[in-house]
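Got your viewer open? Let's take a walk through this one together, a selection at a time.

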Amino acid sequence: MSSTPAELKAEILRLTRQYSALMHQANRPGAEGARPFVPGQTTVPYAGRVFTEDEVEAAVGSTLDFWLTLGPEGEAFERELAALLGVKHTLLVNSGSSANLVAFSALTSHKLPAHKRIMPGDEVITVAAGFPTTVAPIIQYGAVPVFIDNDPLTGNARMEHLAAAFSPGKTKAVMMAHTLGNPFDLATVLEFCRQHDLWLIEDNCDALGCTYSMPVERAKALGFTENSPGIPDNGTHITRYSGTWGDISTQSFYPPHHLTMGEGGSVNIVHRPPLKTYAESFRDWGRDCWCASGKDNTCNKRFGWQLGELPKGYDHKYIYSHLGYNLKPLDPQAAIGRQQLKKLPAFVEARKQNWETLRAGLADLARFFEFTLPTHATGWQPGSFTWDATGCRTDCSWFGFMIRVKPGSPFTHIQLGRHLDEKKIGNRMLFGGNLLRQPAFVQLRKDRPQAFRVASALTGADEIMNQAIFLGTYPGLTSPMLQYEIDTIRAFAAGH
Ligand SMILES: Cc1ncc(COP(=O)(O)O)c(C=O)c1O
């Protein structure tokens, strides 16, 4: 029997779907035919990939096409994510950490005006508790992170410490994360950045799908007049996704994140197109050429450039304007990501609902726990929040459900975490806690005490490190799983 390649491919993909249904269905929480959940026996992960036959088919289809390196699927993903967010460009990279490295590096380009270029010794304001690779690129380059404290209630930076962290002539940027899917106070940070002409790099790795709203007048004063695509105009507020307010932002597509392609990340260039060229150069070996993979002579003068001290006509493909890296993912990863993108709205909704279920289920344990609040919220009641007087609002696409064990409670967060672990309930601490207490930073302080600066007492970051634990909110959690988590925590607390 002879078949054309297209017919063979269609058959392989049909079988792939069939295989995936047989092979993966049983492990898909809540799916038809899934293994039943047995409390105490079935592990409740804090996060994980949520996928169907669509992703498996996309991975196999792209692998059969065998482009391999970043190509048609990658370009399509970049366009689709940029359109969804309403940013100028998205560039795919191989992780969220690489995204942070590329985003930061773009702001060190010699092609920027001197007063905007981040140079070694310049300062970047960031926050003490969080994930280390939000900060590492700053130090690796020889710039100086200036740490401010976290508000333990939101997990985000304490705005009142921004001013103390500023050094005239030295501070060039603010770079920090929207903690666990809770956008930081963007209005205050942006006003601070505008006042001092600073870049804002939003680490949006844990916050895809969050929105932030500010009153129209305040947004206008910051230069924002439009909502993100698809968000209806309410006449009073400008509402945009987190990751679209700063100059540049980053995503992670590692499995626990809002969408996954296994490994992966992206750099979102919000509104200044030249930053794309610089970011792309740092991602792609530092090259000056911007041809897509497999293409030549996009500039139409491949042999017509004279740059640096190279001879006129030197092949533009091998001209390097930056000291770069190679941080591209593979095309099949992007193919998986494109299927995940279609599911993002449902994923975001599930994360919100799971957070609400956990919050409601544990509400009467307030004598043991302090519950996280969205930035700008002043309180929670079932199904809604009360808000501060700023008029700003956050709508959180939660990465996790964070609680702090109150001082004086009869148990610690470590005891709780260990107990949950024994009960097969996935839990995590807020990543590195107060990063300055990590061995890498203790060593750095010994080796190069000038490598970073601390602008305020870090009591909130310590509180997070000493008291906070989070449960998952990922879309794979089913009602019985969430109920089991609630029952287990309640029983643990009652036992004390
Ligand atoms: C806030 C934040 N930034 C960056 C990263 C790094 O992402 P990746 O694991 O894809 O390198 C993470 C990882 O979870 C993160 O939580």
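Start by selecting the ligand and Asp-203: a polar atom in the side chain of Asp-203 lies 2.7 Å from a nitrogen atom of the ligand. Keep in mind as you look around that this is a predicted model.

Next, add Gly-96. Here the backbone is what to look at: one of the N or O atoms in the backbone of Gly-96 is 2.7 Å from an oxygen atom of the ligand.

Now bring in Ser-252. This time it's the side chain again, with an N or O atom of Ser-252 placed 2.7 Å from a ligand oxygen. How much of the ligand's own accessible area does the protein cover? Turn on a surface and take a look: of the 390 Å² that the ligand has on its own, 91% is covered by the protein.

Widen the selection to the whole shell. There are 15 residues around the ligand, and the ones that come nearest are Gly-96, Ser-97, Asp-203, Asp-206 and Ser-252. Colour the shell by class and you should find eight polar, five nonpolar and two charged residues. Then highlight helix 4, residues 96-106, which gives the shell its largest share, three residues.

Zoom out a little. Which pocket is the ligand sitting in? That would be the second largest pocket, with a volume of about 460 Å³. Its lining counts 31 residues, and to find the centre, select Phe-131, Cys-205, Asp-206, His-257 and Phe-431, the closest to that point. Two elements, helix 4 and strand 2 (123-127), each give two or more residues to this lining. Helix 4 turns up again with the largest share of the lining, three residues. By class, the lining of this second largest pocket splits into 14 nonpolar, 13 polar and four charged residues.

Last stop: the largest pocket. Its volume is about 590 Å³. To get to its centre, select Glu-280, Arg-283, Cys-291, Ala-292 and Ser-293, which lie nearest to it among the 30 lining residues.

Which helix gives the most to the lining of the largest pocket? Select helix 3, and you have the top contributor, with five residues. Helix 3 spans 72-85, and along with strand 1 (89-93) and helix 9 (274-283) it belongs to the elements that each supply at least two residues of this lining. Finish by colouring the lining of the largest pocket by class: 12 charged, 10 nonpolar and eight polar residues.

Definitions and conventions. Residues numbered from 1 in each chain as written. Predicted model: local features only at pLDDT ≥ 70, side-chain atom pairs only at ≥ 80, totals over all residues. Heavy atoms only, no water. Near = heavy atom within 4 Å. Polar contact = N/O pair within 3.5 Å; in protein donor to acceptor, adjacent residues only side chain to side chain. Areas by Shrake-Rupley, 256 points an atom, 1.4 Å probe, with all protein chains shown as cover. 1 Å grid on protein atoms, 1.4 Å probe; cavity = no way out; pocket = protein on both sides within 12 Å on 5 of 7 lines; lining within 4 Å. Sits in = over half its atoms within 2 Å of the grid points. Helix = DSSP H or I, 4+ residues; strand = E, 2+ residues; numbered from the N terminus. Nonpolar A, V, L, I, M, F, W, Y, C, P; charged D, E, K, R; others polar. Points joined across faces, edges and corners; volume = space filled by probe spheres on them.
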